[in-house]
Each structure stands twice: as structure tokens, then as C-alpha cells.
Amino acid sequence: MSGVVRIFVISPDTHSERRLELHITVQKLKNNLELVTGIPAGNQVITLHNSESDPEVLSTLADDERPIGFYSLRDYQVLRVADTNPSVSFTGQMTDVSQVEKFELSPEEYARRQDTVRAFKERNHMGRFAAKVEAPEAAPVLPTEITVGARCEVESSEAGLSKRGVVRFVGATKFARGVWVGIEYDEPMGKNDGSVQGERYFTCRDKYGVFVNPDKVKVGDYPVEDLNLDDEEM
């Protein structure tokens with residue numbers, strides 16, 4: 001079928017592929033394209049291009065009486081149809097959204113609506129509304145060198161002050177994360193009786209108990225120190 005070509009036809013509002021008979025006149029082509037593009041035949045300017053992306057005009061189909069084959073159309077070339085009077089045919093207005101009134105909601109109004117994607121996800125606990133599953137906290141690693149019943153000495157910020165006692169507890173607590181060492185001091189230099197915030201971890205006299213970080217504790221042969229109080233201090 002040498003008398004037929006496959007051509008892409010492009011206008012401001014349309015894009016299509018057409019089979020055209022080369023013997024038809026330019027006027028006949030314009031009449032046919034009016035039904036396709038919506039552009040009146042008298043307002044059409046048709047140019048021939050090698051491709052959509054090629055701006056070079058190979059020829060302009062300007063003679064309405066000539067057959068379109070006169071312009072050497074080949075398969076899969078492009079006919080670009082321009083509108084010389086778009087105000088009459090409304091060309092381009094089908095794809096121009098600049099004059100379309102936008103429907104907008106404030107974030108608060110959008111959150112109150114029940115017919116939105118957000119509401120659907122919230123009802124079905126999806127996405128950011130899904131229940132967060134926290135990874136189980138790893139079991140604390142207990143210091144092997146610190147054992148319950150061992151004598152110990154606790155690091156002090158006061159020079160020459162020794163805080164000695166007995167390890168009564170080693171492990172996790174409810175009042176803070178990590179591993180804590182509960183100590184019964186030899187003297188009333190502590191802060192509690194072995195309980196904190198209503199939870200008991202060991203038992204001792206009030207103000208003899210304390211909880212410290214393991215790195216503050218040294219275990220070993222730490223005997224009870226003599227108070228050596230003179231008569232004035234008794």
C-alpha cells in the first residue's frame with residue numbers, strides 16, 4: 001500500500017496516529033483533522049516534522065489544493081497542527097488548569113473528615129498509625145566480679161573517706177535502667193533501707209542502704225573500720 005502513510009498528528013489538545021492516503025488534498029486533510037483536533041479547517045496551520053522532539057519544520061502544508069503526497073510524507077513522521085485563532089475553538093483550554101478553582105482543605109478540616117485516605121489508614125492502623133512494636137529490652141549483663149555477700153568499698157568524691165559495706169543486691173531495678181549494685185554500708189552513710197519507690201530489693205537499717213553503678217564498686221578484703229570515737233564524740 002504505497003499510497004498510504006502512518007503519521008502522528010499532534011495538536012494542543014490531541015495526540016493520535018493516523019493512516020493517510022497520499023492522494024487526498026491538504027484541504028481534505030484539514031477537514032478530517034477538524035473532527036480530530038477540534039480546530040476549524042480554516043484556522044489550521046500544518047507543519048511536517050521528523051519526530052515530536054524535532055523542532056525543525058521540514059515543510060508547511062500551505063497549498064490546500066495539492067495532494068499531501070506532494071510534501072513527501074513518510075511513515076511515522078509528525079504533522080503538527082497549530083491554531084491561528086484559539087479563542088474561537090478554545091484550543092488548549094482543555095489542558096489548561098490554571099483557571100480551575102481548587103478545592104482545598106485546612107489540615108484540621110482534612111483530619112476531621114472520615115472519607116479520606118488518612119482516615120482509612122487510621123481506622124485500620126496502617127502506616128504511621130500502626131501500633132509500634134518495641135523491641136524487647138536486652139537482659140542486663142551482670143558483673144561477674146561483684147557477688148551478693150562480698151565485702152566492698154564504694155568510690156567516694158571526698159578525699160580520705162572510705163565507704164565500706166556488703167553487697168546485698170546485683171541486678172536490674174524498676175527505678176532506672178541498667179545494672180545496679182545494692183550495698184549495706186557499715187555506717188549510716190546511705191540513702192534508704194534497701195527499698196526505692198516502694199520496691200524492696202534487700203533489707204537493712206534505714207540510711208544504711210544505697211544503690212550505685214557497678215563501676216563505683218570494688219570488692220575485696222575490706223574489713224569493717226573502727227570508728228575510734230573519743231569521749232567527746234560519744
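**Notebook: Thr-173, a five-stranded sheet, salt bridges and Lys-30**

I began at Thr-173, where a polar atom of the side chain lies 3.2 Å from the backbone oxygen of Ala-176. I note at the outset that the model is a predicted one.

**Entry 1. Surroundings of Thr-173**

I located Thr-173 in the loop that runs between β7 (163-172) and β8 (179-185). I then looked up its accessibility: the relative value is 14%, and Thr-173 counts as buried because the limit for that class is under 20%. Leaving aside residues up to four places away in sequence, I found Thr-173 touching Gly-178, Trp-180 and Tyr-201.

**Entry 2. The strands on either side of the loop**

I next asked in which sense β7 and β8 pair, parallel or antiparallel. The pairing is antiparallel and extends over 7 bridges. In this pairing I recorded Ala-172 opposite Val-179 of β8.

I followed the strands outward and obtained an open sheet of 5 strands, in the order β11-β8-β7-β6-β12, with antiparallel pairing. β11 (209-212) and β12 are the edge strands, each pairing on one side only. On average, and with direction ignored, neighbouring strands of this sheet are turned by 45 degrees against each other. As background, I add that strands of a sheet pair through backbone hydrogen bonds.

**Entry 3. A salt bridge that starts from β7**

I searched the whole structure for salt bridges and obtained 12. One of them joins the side chains of Glu-225 and Arg-164, with an N to O distance of 3.8 Å. This pair links distant parts of the chain, since Arg-164 belongs to strand β7 and Glu-225 to the segment after β12 (217-219), 61 residues apart.

Is each partner buried or partly exposed? For Arg-164 I noted 17% relative accessibility, so this residue counts as buried. For Glu-225 the value is 36%, so this residue counts as partly exposed. I also found that the pair belongs to a network of salt bridges in which Glu-153, Arg-164 and Glu-225 are linked.

**Entry 4. Two further salt bridges**

I looked up Arg-113 and Asp-115, which form a salt bridge whose closest N and O atoms are 2.7 Å apart. Arg-113, at 32% relative accessibility, counts as partly exposed. Asp-115 has a relative accessible area of 56% and is therefore exposed, the limit being over 50%.

I then turned to Asp-63 and Arg-66, where the closest N and O atoms of the salt bridge are 3.3 Å apart. Asp-63 is partly exposed, with a relative accessible area of 31%. Arg-66 is likewise partly exposed, its relative accessible area being 33%.

**Entry 5. Lys-30 in helix α1**

My last entry concerns Lys-30, which I located in helix α1, residues 26-37. Is Lys-30 buried or exposed? Its relative accessible area is 7%, so Lys-30 is buried.

Which residues does Lys-30 touch, once those up to four places away in sequence are not counted? I listed Ala-41, Gln-44, Ile-46, Leu-61 and Asp-64. For one of these, Gln-44, I also looked up the separation from Lys-30: their C-alpha atoms are 7.0 Å apart, and the two residues lie 14 residues apart along the chain.

Terms used: Residues are numbered from 1 along each chain as its sequence is written. This is a predicted model: local features need pLDDT of at least 70, side-chain atom pairs count only at pLDDT 80 or more; totals for chains, interfaces and linings use all residues. Side-chain values use heavy atoms; hydrogens and water are left out. Helices (H or I, at least four residues) and strands (E, at least two) are DSSP runs, numbered from the N terminus. Buried means under 20% relative accessible area, exposed over 50%, partly exposed in between (1.4 Å probe, protein chains only). A polar contact is a pair of N or O atoms within 3.5 Å; within protein, one must be able to donate a hydrogen and the other to accept it, and residues adjacent in sequence count only if both atoms are side-chain atoms. Contact means heavy atoms within 4.5 Å. A salt bridge is a side-chain nitrogen of Lys or Arg within 4 Å of a carboxyl oxygen of Asp or Glu. Two strands pair if DSSP finds at least two bridges between them. Axes are lines fitted to C-alpha atoms, for helices over the stretch in contact, and angles run from 0 to 180 degrees between N-to-C directions.
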